[in-house]
Amino acid sequence: MSDTPFGFGLPPEEPEDGDKGKKGGQGGPANPFGFGPGGLPGGFPGGLPGGADNPFAAMFGAMNPNDLGAAFQQLGQMLSYEGGPVNWDMAKDIARQTVAQGTADGVKDASVGLAEKSAVEEAVRLADLWLDGVTSLPSGANAAVAWSRAEWVEATLPVWKELVDPVAERVGAAMGGVLPEEMQAMAGPLLGMMRSMGGAMFGQQIGQAVGVLAGEIVGSTDIGLPLGPAGRAALLPLNIESFGKDLGVPSDEVRLYLALREAAHARLFAHVPWLRSHLFGAVEGYARGIKVDTSKLEDVVGRLDPSNPEELQEALQGGMFQPQDTPEQKAALARLETALALVEGWVDAVVHEAAKPRLASADAMRETMRRRRASGGPAEQTFATLIGLELRPRRLRDASRLWASLTDARGVDGRDGLWEHPDMLPTASDLDDPDGFVHREQLDFSEIDKMLGEAAEKRDQGEGDEKK
């Protein structure tokens, strides 16, 4: 993330292609409230006009009336925001403008053509056909869609809202509680301004990260969470092309392998009804254990200058949030990391089983995706900055080995049957000893069946004696 994320600047004109030529949001700037050089996309190249350190002197000294009016309009929007803990309108505008800038390699967003849509639909259709032979879960994709980067932003923002709002709520509560109780009644305008600024700052952070992520993501489930609408397998042709450019693998094989992963995720989330709430509940449970460093916040509030909002932003980025070192918080983190590893491990295992006999590049593609997930990306950096949380399946390889062992020992139906209830899934300790889990669980199930059978026989026998 940028070190100087606040700077007034007008947005660049969004290209006519991308999301079918639609403009992003209401035309807000990508960097609507930052001071100083090197801001986010949309700021002044090389810094503020005139090179002045004082942002208002710079604006008055060098900006034309239209620029000045737009700058103050954006500041007014930031301070007048009265919505929830995150200014999602601002997040959307910034994400769309970040997408409009293109990626670092100069690739601009573009509308998806008919040929690309057809290729994605065919890849997902074939992927579902291959998956039918390696999993008992039926297809979970009612439709296959090809998105531009801008369309991905629009489709996934509702889910980002669900993920981020619980964290932002805690921050908002902390901002309202840093003043002594007797002073809070007199500080209404100040607290209102702080909440508005906090919502805008979270919106800026998330908007930038989502916009950058849109330039790298290849589908709707890359981070292990279902970011898109239910029942849709989504791929981004432009990003798939960039992803496969240096792999030395035919483009149709790259597309098909990624379609297999997207379709496998879709099956899991469609037919394991508790899984989505389990994952999102783990994120929320972790967020509830976040401790806000109120000493930093109090220091910022004491020095708060309405004309210098980057002070609060620096605190937001400077480790204000720390996880509670409690058994509950450790359990929430372990629950989330294990759940992500099990999801990604299952997808890795079934996709490899489907691809190995059919794609010459199956092994290479598998290793590429594993390393990609292990290295993280913008979304994980955002969560790490805000709450110290990384959406990374740290034990993906262990989980994949466990699912493979289950397939060998119990077959496809026995393996997939474990998704019927969260209590049936392996735990973090089971990932250390996958063979032990496989055989222990088999013995447990057989013993339970034996006990139930004996109990039924005794009941039937007792009922027969009573009738005599």
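**Exercise 1. In which handedness of crossing does H9 pass H14?** Work from the geometry of the two helices in this predicted model, and then identify the residues in contact.

*Solution.* Helix H9 passes H14 in a right-handed crossing. Taking the axes next, those of H9 and helix H14 (residues 362-375) come within 11 Å and cross at roughly 60°. An angle that is neither under 35 degrees nor over 145, and that lies outside 65 to 115, counts as oblique, and H9 and H14 are therefore oblique to each other. On the H9 side the contact is made by Val254, Tyr257, Leu258 and Arg261, while H14 supplies Ala362, Met365, Arg366 and Met369. Sorted by class, this contact of H9 with H14 has 6 nonpolar residues, no polar ones and 2 charged ones.

**Exercise 2. Describe how H4 packs against H9, giving the distance, the angle, the handedness and the residues that meet.**

*Solution.* Begin with the axes: those of helix H4 (residues 114-131) and H9 come within 8 Å and cross at roughly 60°, which makes H4 oblique to H9. The handedness follows as the next item, and H4 passes H9 in a right-handed crossing. For the residues, Ala119, Val120, Ala123, Val124, Leu126, Ala127, Asp128, Trp130 and Leu131 in H4 meet Arg255, Leu256, Ala259, Leu260, Ala263, Ala264 and Arg267 in H9. The contact of H4 with H9 divides by class into 13 nonpolar, no polar and 3 charged residues.

**Exercise 3. Carry out the analysis for H9 and H13, and state at what angle their axes cross.**

*Solution.* The axes of H9 and helix H13 (residues 327-355) come within 9 Å, and they cross at roughly 130°. Since this value falls between the limits of 115 and 145, it belongs to the oblique class, and that makes H9 oblique to H13. The crossing of H9 and H13 is right-handed. From H9 the contact draws on Tyr257, Leu260, Arg261, Ala264, His265, Leu268 and Phe269, and from H13 on Val343, Glu344, Trp346, Val347, Val350, Val351, Ala354 and Ala355. The class division for the contact of H9 with H13 is 12 nonpolar, 1 polar and 2 charged residues.

**Exercise 4. Locate the largest cavity through its lining, and determine which helix gives the largest share of that lining.**

*Solution.* A search of the whole structure finds 5 cavities of 30 Å³ or more, and the largest cavity has a volume of about 80 Å³. Its lining consists of Val218, Gly219, Thr221, Asp222, Leu235, Leu258, Arg261, Glu262, His265 and Met369. The largest share, 4 residues, comes from helix H9 (residues 251-271). By class, the lining of the largest cavity divides into 4 nonpolar, 3 polar and 3 charged residues. As a last step, compare this list with the earlier contacts: Leu258, Arg261 and Met369 line the largest cavity and also take part in the contact of H9 with H14, whereas Arg261 and His265 are among the lining residues that belong to the contact of H9 with H13.

Conventions. Residues are numbered from 1 along each chain as its sequence is written. This is a predicted model: local features need pLDDT of at least 70, side-chain atom pairs count only at pLDDT 80 or more; totals for chains, interfaces and linings use all residues. Side-chain values use heavy atoms; hydrogens and water are left out. On a 1 Å grid over the protein atoms alone, a cavity is a set of points where a 1.4 Å probe fits but cannot get out, and a pocket is an open set with protein on both sides within 12 Å along at least five of seven lines; lining residues have an atom within 4 Å of a point. Grid points are joined across faces, edges and corners, and a volume is the space filled by probe spheres set on the points. Helices (H or I, at least four residues) and strands (E, at least two) are DSSP runs, numbered from the N terminus. Ala, Val, Leu, Ile, Met, Phe, Trp, Tyr, Cys and Pro count as nonpolar, Asp, Glu, Lys and Arg as charged, and the others, Gly among them, as polar. Axes are lines fitted to C-alpha atoms, for helices over the stretch in contact, and angles run from 0 to 180 degrees between N-to-C directions. A crossing is left-handed if the near helix is turned anticlockwise from the far one by less than a right angle, and right-handed if clockwise. Contact means heavy atoms within 4.5 Å.
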